[in-house]
Amino acid sequence: MEIFLIRVLQFVLAISLLVLLHEGGHFFFARLFGVRVEKFYIFFDWKFSLFKFKPKGSDTEYGVGWIPLGGYCKIAGMIDESFDTDQMKQPEQPWEFRTKPAWQRLLIMIGGVLVNFLLALFIYSMILFYWGDTYIPVKDMTLGMKFNQEAKSYGFKDGDILLGTETKAFKDFSADLYRDISVAKRVDILRDGNKMSVSLPGDLNLLDMIKADPSFVRPLLPAQIDSVLPGSPAAGIGMQAGDRIMSLNGAPVDSYNEFVDLLGRQQDLLALAATPADSLKARTVSLVFGNDSRTDTASVVLTPDLKLGFFAPNIASVYKPVTTEFGFFESIPAGIKYGWHVLASYVDDLKYVFTAEGAKSLGGFGAIGSLFPPTWDWYMFWKMTAFLSIILAFMNILPIPALDGGHVLFLLYEIITRRKPSEEFMIRAEYVGFGILILLMVFANLNDILRWLGYL
């Protein structure tokens, strides 16, 4: 429960900040051009609000709604998600959005997107300035990688050390490594101290590579016990820190990755269990473990979720990370470059959304919240906030009515043709766009529920 609350708090704080600044971008340009802003809200206030106030002499009501799905800036004389058609029937006023030149209305509409994009670049720059860039170089992962059968069919072998593709060297083990391999025609490796290359088709499906079980490639970790949980099955058979797992049910175990893969077979057996006896049989395994001075063999019953009850070394404990530090003025171009790379990668990956597997990968609030760490970590909080800011900017500029991009599209049409779309058309477009957004939101959050229930 504590982990859930910490993630919720981080998610709400990040979204509140992003919505506040996004709507603040619209507000800034509206006031700059003398357009009246009637309401400025974080979250939606359908029927009632949690808090609101209107400063003396101000035209703007500020408040906090109770529906945490975003926020809005109600600009006078504009057809938006408030669907205030009565106002549009009144005579035009000089302080209304609709009376301003198209270029001013365009800046008002892109104000939120502009702020979110600049905010992301600023956060990335300050992350690099304060924390630097810490990572484990792939070339330093001397134990090499563990590959699945598809990867091995192309010529990879367990233990290969990845160096790079025909275009560039690998940096760290991240989604970028998968992305680089997916489009590579050649991957350079180090095998048994000898440099060689593996040929690839250059059009591997990135989503399939990541979602495969086991995945296309993973850092190879030793099958060594880092610590044992008291009262666990591992403690019951005498496992100790420093022991190695040598075999599971007679199958040799050469790495922790192999151990996890073999346990996956037990998961398949457990899923087919029809009786308690079948379940007990699926949970019972034979282990060979020990160290340089002893070897033990034991039969042990795993926990209902097939856990043995020990912690294996993580990648940060096996390899030493390196940190690149940045001065203040160095961090700004580095942050801009990093933020642009994040945006470009996200846009490139969108093509997978239009596949069956990609659609299943869409997530709602639950999926986004789970991206935040289970403990409060300011580094990860700001990194996730910057990522969400870039995504919010990109999604809002899509040419969908009810989004900023929809309004921008109609304004560009007006600037090019010198003809303004009718108010009736704008209202109908707003309804269509709002309907599309609701359907997407329902679909994404339904995926979260189905994933939680185990159907995805």
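Two strands are taken to pair if DSSP finds at least two bridges between them. With that in mind, a small sheet of this predicted model makes a convenient place to begin. In strand E6, Asp 188 is the bridge partner of Gly 164. This pair belongs to the ladder between E5 and E6 (residues 186-191), two strands that run antiparallel and are joined by 4 bridges. The sheet as a whole is open and has 3 strands, ordered E5-E6-E7, again with antiparallel pairing. Its edges are formed by E5 (161-165) and E7 (194-199), each of which pairs on one side only. Averaged over the sheet and with direction ignored, neighbouring strands are turned by 30 degrees against each other.

Stepping back to the whole chain helps to place this sheet. The chain contains 16 helices and 15 strands, and its C-alpha trace spans about 90 × 50 × 40 Å along the principal axes. Of its 456 residues, 41% count as buried. Among the contacts with a separation of 6 or more, 63% come from residues 24 or more positions apart.

A second open sheet is built from 4 strands in the order E11-E10-E12-E13, and here too the pairing is antiparallel. Strand E11 (251-252) and strand E13 (294-301) lie at the edges, each with pairing on one side only. Strand E10 (residues 244-248) pairs with strand E12 (residues 284-291) in the antiparallel sense, over 4 bridges. Two positions of E10 illustrate the register nicely: Arg 244 stands opposite Gly 290 of E12, and Ser 247 stands opposite Val 288 of E12. Ser 247 also has a bridge partner in E11, namely Pro 252. The E10 and E11 strands run antiparallel and are joined by 2 bridges. Their hairpin has 2 residues between the strands, and in this hairpin Asn 249 takes a positive phi near 55 degrees.

Two helices accompany this sheet. Helix H8 (residues 256-271) lies across E10, E11 and E12, and runs at about 35 degrees to E10. Helix H9 (residues 276-283) lies across E12 and E13, at about 20 degrees to E12. Strand E12 is thus crossed by H8 and by H9.

Helix packing can be followed in the pair H3 and H11. Two packed helices are described by the angle between their axes and the distance between the axes. For H3 (residues 102-130) and H11 (residues 328-349), the axes come within 7 Å and cross at roughly 125 degrees. The two helices are therefore oblique to each other, and H3 passes H11 in a right-handed crossing. On the H3 side, the contact is made by Phe 117, Leu 121, Tyr 124, Ser 125, Met 126, Leu 128 and Phe 129. The H11 side contributes Phe 328, Ser 331, Ile 332, Ala 334, Gly 335, Ile 336, Tyr 338, Gly 339, Trp 340, Val 342 and Leu 343. Sorted by class, this contact has 14 nonpolar and 4 polar residues, with no charged ones.

Two individual residues round off the picture. Ser 182 is found in helix H5 (residues 175-182). Buried means under 20% relative accessible area, and Ser 182, with a value of 4%, is therefore buried. Once neighbours within four places in sequence are left aside, Ser 182 is in contact with Gly 202, Asp 203, Leu 204, Leu 206 and Met 209.

Ala 444 sits in helix H16 (residues 423-453). With a relative accessibility of 11%, Ala 444 counts as buried as well. Beyond its neighbours within four places in sequence, Ala 444 is in contact with Leu 362, Gly 363 and Gly 364. From Ala 444 to Tyr 130, the separation is 314 residues in sequence and 35 Å in space, taken from C-alpha to C-alpha.

Technical notes. Residues numbered from 1 in each chain as written. Predicted model: local features only at pLDDT ≥ 70, side-chain atom pairs only at ≥ 80, totals over all residues. Heavy atoms only, no water. Axes fitted to C-alpha atoms, helices over the stretch in contact; angles between N-to-C directions. Parallel < 35°, antiparallel > 145°, perpendicular 65-115°, else oblique. Left-handed = near helix turned anticlockwise from the far one by under 90°. Contact = heavy atoms within 4.5 Å. Nonpolar A, V, L, I, M, F, W, Y, C, P; charged D, E, K, R; others polar. Buried < 20%, exposed > 50% of the residue type's maximum accessible area, 1.4 Å probe, protein only.
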